[in-house]
Amino acid sequence: MMHLGVCWYPEQWPEDWWEDDVRRMAAMGLTRVRIGEFAWSRLEPTPGRFDWAWLDRALDLLHAHGLGVILGTPTATPPKWLVDGMPDMLAVDAQGRPRRFGSRRHYCFSHAGYRAESRRITTELARRYGRHPAVVAWQTDNEYGCHDTVVSHSAAAAQAFRAWLAVRYGDIAALNRAWGTVFWSAEYRSFDGIDTPALTVTEPNPAHSLDFQRFSSDQVLAFNREQVDILRTHSPGRDITHNAMGFVTSFDHHALGRDLDVVTWDSYPLGFLEQFWFSDADKLRYARQGHPDVAAFHHDLYRGCGRGRFAVMEQQPGPVNWAARNPAPLPGMVRLWTLEAMAHGAEFVAYFRWRQAPFAQEQMHAGLLRPDRTDDVGAHEARTAAQDIARLAAAHPAPAARAPVALVFDYQSVWVTDIQPQGAGFSALRQAFEWYSALRALGLDIDILPPDASLEGYPLVVVPCLPILPAGFVDRLAGCGGQVLIGPRTGSKTAEFSIPAQLPPGDLQRLIDLKVTRVESLRPGVAAAPVRDWLEHCETALTPETPLADGQGLVYRAGRLRYLAATLEDGALARLLAAVAEDAELAPQALPDGVRLRRHRGLCFAFNYAPEARRLASSGAREFVLGAEELPPAGVAVWREPPPRKVH
């Protein structure tokens, strides 16, 4: 049902260790190994002189032990000789400083010379190994966007941006109209006069910023597509993937997924908990487990980006090295994270990394093995997970079915709210995550979809925040047939980053007769419960389904569609989503604190993220495949779901 794998770097270890490494991988139950994505300096030590022999031997060894290889293109780490030869290939930050050599991702996506070098090394690699029997898949580059590396303000990026704008608008007058440059006397006479939106005295024009983000995303997609085309030519029949990162929204992953066979991502639940917006209470409670919905959110997000196909390319096996604090996972969590990926439909989970490196930047990052080649905790849990997966495969699972809830998420929405948050911390990403988390706490399964996806047949569709409504979206909502909940700021901007002529929610007024006439962002203590920090004033003849104490509307309803005119405190959001789910006949249930469910292929999985034991609510006799009603901390239980009852 799901492969297990590991990330291995043979070039970093003595070759007389390799045989033992690979033998132990196979004995552990691993069947996939990712290699090569950081090896450019070893593959091409000097310009034009290649050393393939070591990689030949590594691939042959892996193949001899029955391990399938995911081979990475090494373009995330261009070697020093390449940077020395074209120093202007480096990306430039918003302060005008080059992102220098010495770590990774030190290139600008718009630099024509580096793009040519990327194609060259990819072609050389694909020609040599495209039909090697060990190679079952390819990974392009590594973690686009990690370390804030999508946007570059280099001369190459500025030149490419001007050309992109000329194609988008045709003539400069159209751009001036779209951007509203008459404001502050910011009109342009030609595309050549436009810079990247950096170092302005106050905020740059928001339409300028949005177009630059769109352009920057398109540069990532074009860079990736060049590699994909080369790999498809020289290595037909093998999957091509890219490993996305958690909570990275600086490029459109939905669009990236359309060029790939399967979308993968890198799962570091403890690091993500520490680095993002979670409360101090959550960071304390889930310090060794990760937030109960972080991994699941990304599984469902990247499954949607991959049109149903996703996997985990890097799974945290122990403490990491890059967060503000780096605790060890609670015993059992590596196994839990592995099985949770399976429950969401992952095709494989690969642990990062095989052995902890005793040198360089990641020497504090745990692997399955310690630096002394001894099994670490992660190795024991990977073995257990492999045994669990075999037991679940023997349970003869049913075909996969889609989830009953569709959550619409759009990367452009995050760019809009990042550019113009209006209130500190407002983010379309955070809105989407919090709605997702509330739905999961009700025991519901969710598909995360782009706004151009079909919504037909979903009993419940939620749209947490979609400021720009793409063409056809309102018609798809109207025809979906299910209950619909729309969140604040949806329909609040045109594609040119202006307020719609008919006022927000724009074209949604065809489905619900209301206008947002004023918005407020409020600091804690000013907003009256249950409003948290955002409140919209609406003009409408509708009677509020949920009014505030002063009579102002909070939730408005028109048939199957509800509009929420505020952000809500957690409890109030949960109650609203439960009510909408009940109208959709989804039977939401309040799960024990820290417990999450996921149904997949006729099996129901239960996961306990709480630091205390939890007991599943009584639900008749369950036929357990793994575990039992009592879930210890980091506990997992899996049982067969009864077949759906026939309707006569």
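## A tour from the seven-stranded sheet outwards

Begin by selecting helix H16, residues 428-440, which lies across strands S10 (405-408), S11, S12 (460-463), S13 and S18 (561-564) and runs at about 170° to S10. The model on screen is predicted. Next, select helix H18, residues 570-583: this helix packs on the sheet, where it touches S12, S13, S17 and S18, and its direction makes about 160° with that of S13.

Now display the strands themselves. They form an open sheet of 7 strands with mixed pairing, in the order S11-S10-S12-S13-S18-S17-S16. At the edges are S11 (446-449) and S16 (546-547), each of which pairs on one side only. Zoom in on S16 and its partner S17 (residues 553-558): the two run antiparallel and are joined by 2 bridges. Within this pairing, threonine 546 stands opposite valine 555 in S17.

Return to helix H16 and show the side chains of arginine 430 and glutamate 434, which meet in a salt bridge with an N to O distance of 2.8 Å. Both residues belong to H16 and, because they are 4 residues apart, are separated by about one helical turn. Are the two partners buried or exposed? Arginine 430 is partly exposed at 25% relative accessibility, whereas glutamate 434 is buried, with a relative accessible area of 14%.

**Salt bridges elsewhere in the chain**

The whole structure contains 53 salt bridges. Select arginine 128 and aspartate 56, whose closest N and O atoms are 2.7 Å apart. This pair links distant parts of the chain, with arginine 128 in helix H5 (residues 112-129) and aspartate 56 in helix H3 (residues 53-64), 72 residues apart. Arginine 128 is partly exposed, its relative accessible area being 43%.

Move on to aspartate 211 and arginine 168, where the N to O distance of the salt bridge is 3.4 Å. Aspartate 211 lies in helix H8 and arginine 168 in helix H6 (residues 155-169), so the bridge ties together parts 43 residues apart in sequence. Aspartate 211 is buried at 0% relative accessibility, while arginine 168 is partly exposed at 38%.

Then select Asp300, Arg303, Asp445, Asp447, Arg598, Arg599 and Glu641 together; a network of salt bridges links these residues.

**A nonpolar patch on the surface**

Switch to a surface representation and select Val182, Phe183 and Trp184, which make a nonpolar patch of about 420 Å². Valine 182 is located in the loop between helix H7 (172-179) and helix H8 (206-234). This valine is exposed, with 63% relative accessible area.

**Backbone features in the loops**

Show the backbone of the loop between S13 and S14, where phenylalanine 497 is found. Phi of phenylalanine 497 is near 65°, a positive value in a residue other than glycine. Its relative accessibility of 7% places phenylalanine 497 among buried residues, because buried means under 20%.

In the loop between strand S13 (483-486) and strand S14 (514-521), select proline 505. A cis peptide bond, with omega of about 5°, joins proline 504 to proline 505. Continue to proline 530, in the loop between S14 and strand S15 (531-540). There, alanine 529 and proline 530 are joined by a cis peptide bond, with omega again about 5°.

The last stop is arginine 307, in the loop between helix H12 (294-305) and strand S8 (310-315). Although arginine 307 is not a glycine, its phi is positive, at about 55°.

Key. Residues are numbered from 1 along each chain as its sequence is written. This is a predicted model: local features need pLDDT of at least 70, side-chain atom pairs count only at pLDDT 80 or more; totals for chains, interfaces and linings use all residues. Side-chain values use heavy atoms; hydrogens and water are left out. Buried means under 20% relative accessible area, exposed over 50%, partly exposed in between (1.4 Å probe, protein chains only). Two strands pair if DSSP finds at least two bridges between them. Contact means heavy atoms within 4.5 Å. Axes are lines fitted to C-alpha atoms, for helices over the stretch in contact, and angles run from 0 to 180 degrees between N-to-C directions. Patches are made of residues with over 30% relative accessible area and no salt bridge: like charges are joined within 9 Å, nonpolar side chains (Val, Leu, Ile, Met, Phe, Trp, Tyr) within 5 Å. Accessible areas come from the Shrake-Rupley method with a 1.4 Å probe; for residues, only the protein chains shown count as cover. A salt bridge is a side-chain nitrogen of Lys or Arg within 4 Å of a carboxyl oxygen of Asp or Glu.
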